[in-house]
Amino acid sequence: MTVGPVAHGGWCVARHEGRVVFVRHALPGERVIAHVTEETTRFLRADAVEILEPSPDRVVPPCPYAGPGRCGGCDWQHATLEAQRRLKAQVVAEQMRRLAGIEREIVVEEVPGAKDGLGWRTRVQFAALPGGELGFRRHRSHEIEVVDACLIAHPEVEAVGVEGDRWPGARSVEVIASSEGERAVVVAPRPRRSVTVPDLEASASILLDQGKGRTVARRGSGLLHEQVGDREFRVAGSGFWQVHPGAAATLLDAVLAYAAPEPGEWALDLYCGVGLFAAGLAEAVGPEGAVLGLESEESAVRDARANLRDLPQARVERGRVEEGLDRFQIERADLVVVDPPRAGLGREVVGRVAALEARRIVYVSCDPATFARDVAWLGEGGYELAEMRAFDAFPMTHHVEIVALLVRA
């Protein structure tokens with residue numbers, strides 16, 4: 001078949017005998033032989049297993065585990081970095097056009113810290129086989145591809161050397177390397193099993209995952225620290241932090257540029273995590289202003305309160321956003337920053353945020369489809385998309401980070 005345009009999720013779209021086929025490991029314009037991996041009533045999924053007419057954007061994947069039926073972590077190792085960013089830009093533009101009715105030219109910007117697209121991921125979670133060997137799940141599969149190294153992992157992650165050992169009793173093993181030079185290994189045990197921790201090649205804290213975001217330190221500290229500008233942030237265990245070493249500073253700069261906070265303003269940071277954006281907002285609005293962060297994860301709330309303790313104008317409360325806005329009787333705000341999970345805001349939260357009548361809403365998203373849907377709903381609530389930027393915070397994968405400014409129409 002001849003491969004058509006790119007689709008969201010690391011696929012390209014083709015047609016065969018009148019049926020839509022979503023093809024991985026292909027590039028637009030290529031002629032390929034594809035192996036069907038899944039069939040539904042509406043379409044087929046397939047892997048390009050032979051490239052008959054390659055795209056000029058095609059390269060040999062640098063990782064030996066990338067390719068049809070292998071590791072499912074990377075989607076675009078067979079494309080140049082420039083082509084990857086063009087493909088991501090096309091996906092964002094298509095989602096905006098289809099779901100929000102907005103025509104927008106998109107440029108996906110490089111994030112400093114991964115010039116060749118490799119060695120950037122500072123948090124890597126390995127799946128474990130029953131015998132303790134580590135690897136990554138294959139695409140849309142529970143099968144595990146055992147690996148001895150990951151090329152997109154940060155060198156400090158690889159220095160720990162977890163892939164060279166067996167981890168009997170483990171369900172998963174996550175390795176974290178912070179910007180402050182700290183390392184941690186978070187081990188999730190299998191049910192009713194104890195974990196045997198091997199001797200590691202580099203020093204690292206060992207944390208046991210107890211579920212629901214809770215970890216207990218078996219060795220070393222349960223806390224890691226990240227530096228952004230002049231401010232240090234603590235992150236407990238495997239709590240959320242941007243995995244690209246340049247992403248936190250890049251996104252913070254973009255958010256503050258769009259929010260344009262002024263002294264004395266009242267700002268909300270919804271889904272605030274450990275307080276990255278709340279800290280920047282609080283510094284900008286000053287002692288005469290105020291910032292409220294809302295976050296549902298208990299450990300993140302503890303970290304955020306510690307990270308903002310020198311900023312009395314900022315406070316963080318635990319709760320789901322829609323419940324928290326009602327519980328604290330938040331009826332208005334000057335600025336709102338939202339950084340929801342991949343599922344987006346959803347209709348209920350969009351309506352509640354629009355009702356705040358903020359002069360500016362800054363939306364940070366890691367999913368162009370749910371972002372475009374929410375932008376359309378915010379349009380119904382009286383907001384229009386003023387500006388947006390996209391960042392390649394996840395090279396070699398289909399993921400992209402978006403920062404957008406919405407203002408009252």
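Let me start with the second largest cavity of this predicted model, which is lined by Lys212, Gly213, Arg214, Glu297, Glu298, Ser299 and Arg302. About 30 Å³ of space lies inside this second largest cavity, and when its lining is sorted by class, there are no nonpolar residues, two polar ones and five charged ones. Helix α5, residues 298-307, gives the most to that lining, with three residues, while at the level of domains, domain 2 (123-225) and domain 3 (239-408) each contribute at least three residues.

Staying with helix α5 for a moment, Asp303 forms a salt bridge with Arg234, and the closest N and O atoms of the two are 2.8 Å apart. This pair links distant parts of the chain, since Asp303 sits in helix α5 and Arg234 in strand β15 (residues 231-236), 69 residues apart. Asp303 counts as buried because its relative accessibility is 2%, under the 20% cut-off, whereas Arg234, with a relative accessible area of 23%, is partly exposed.

Now to the largest cavity, whose volume is about 70 Å³; a search of the whole structure finds two cavities of 30 Å³ or more. What lines the largest cavity? Its lining consists of Val6, Ala7, His8, Gly9, Gly10, Trp76, Leu87, Lys88, Val91, His398 and Val400, and these residues divide into six nonpolar, four polar and one charged. Strand β1 (3-7) and helix α1 (81-100) each supply at least two residues of this lining, with α1 giving the most, namely three.

Turning to the start of the chain, an unreviewed UniProt entry carries the annotation "domain: TRAM" for residues 1-50. In the model, the end C-alpha atoms of that span lie 11 Å apart, and the span is 0% helix and 68% strand.

Within that stretch, Glu38 meets Arg140 in a salt bridge between their side chains, at 3.0 Å from N to O. Glu38 lies in strand β4 (residues 31-39) and Arg140 in the loop between β8 (134-137) and β9 (144-146), so this pair ties together parts that are 102 residues apart in sequence. Glu38 itself, at 26% relative accessibility, counts as partly exposed.

To finish with the salt bridges, the count comes to 32, and one of them joins Arg373 to Asp374, with the closest N and O atoms 3.0 Å apart. Here Arg373 is partly exposed at 25% relative accessible area, while Asp374 is buried at 0%. Elsewhere, salt bridges that share partners join Arg70, Arg138, Glu143 and Glu145 into one network.

Note on methods:
Residues are numbered from 1 along each chain as its sequence is written. This is a predicted model: local features need pLDDT of at least 70, side-chain atom pairs count only at pLDDT 80 or more; totals for chains, interfaces and linings use all residues. Side-chain values use heavy atoms; hydrogens and water are left out. On a 1 Å grid over the protein atoms alone, a cavity is a set of points where a 1.4 Å probe fits but cannot get out, and a pocket is an open set with protein on both sides within 12 Å along at least five of seven lines; lining residues have an atom within 4 Å of a point. Grid points are joined across faces, edges and corners, and a volume is the space filled by probe spheres set on the points. Helices (H or I, at least four residues) and strands (E, at least two) are DSSP runs, numbered from the N terminus. Ala, Val, Leu, Ile, Met, Phe, Trp, Tyr, Cys and Pro count as nonpolar, Asp, Glu, Lys and Arg as charged, and the others, Gly among them, as polar. Domain bounds come from an automatic or database domain assignment. UniProt positions are given in the numbering used here, feature names are shortened, and annotations may be inferred rather than shown by experiment. A salt bridge is a side-chain nitrogen of Lys or Arg within 4 Å of a carboxyl oxygen of Asp or Glu. Buried means under 20% relative accessible area, exposed over 50%, partly exposed in between (1.4 Å probe, protein chains only).
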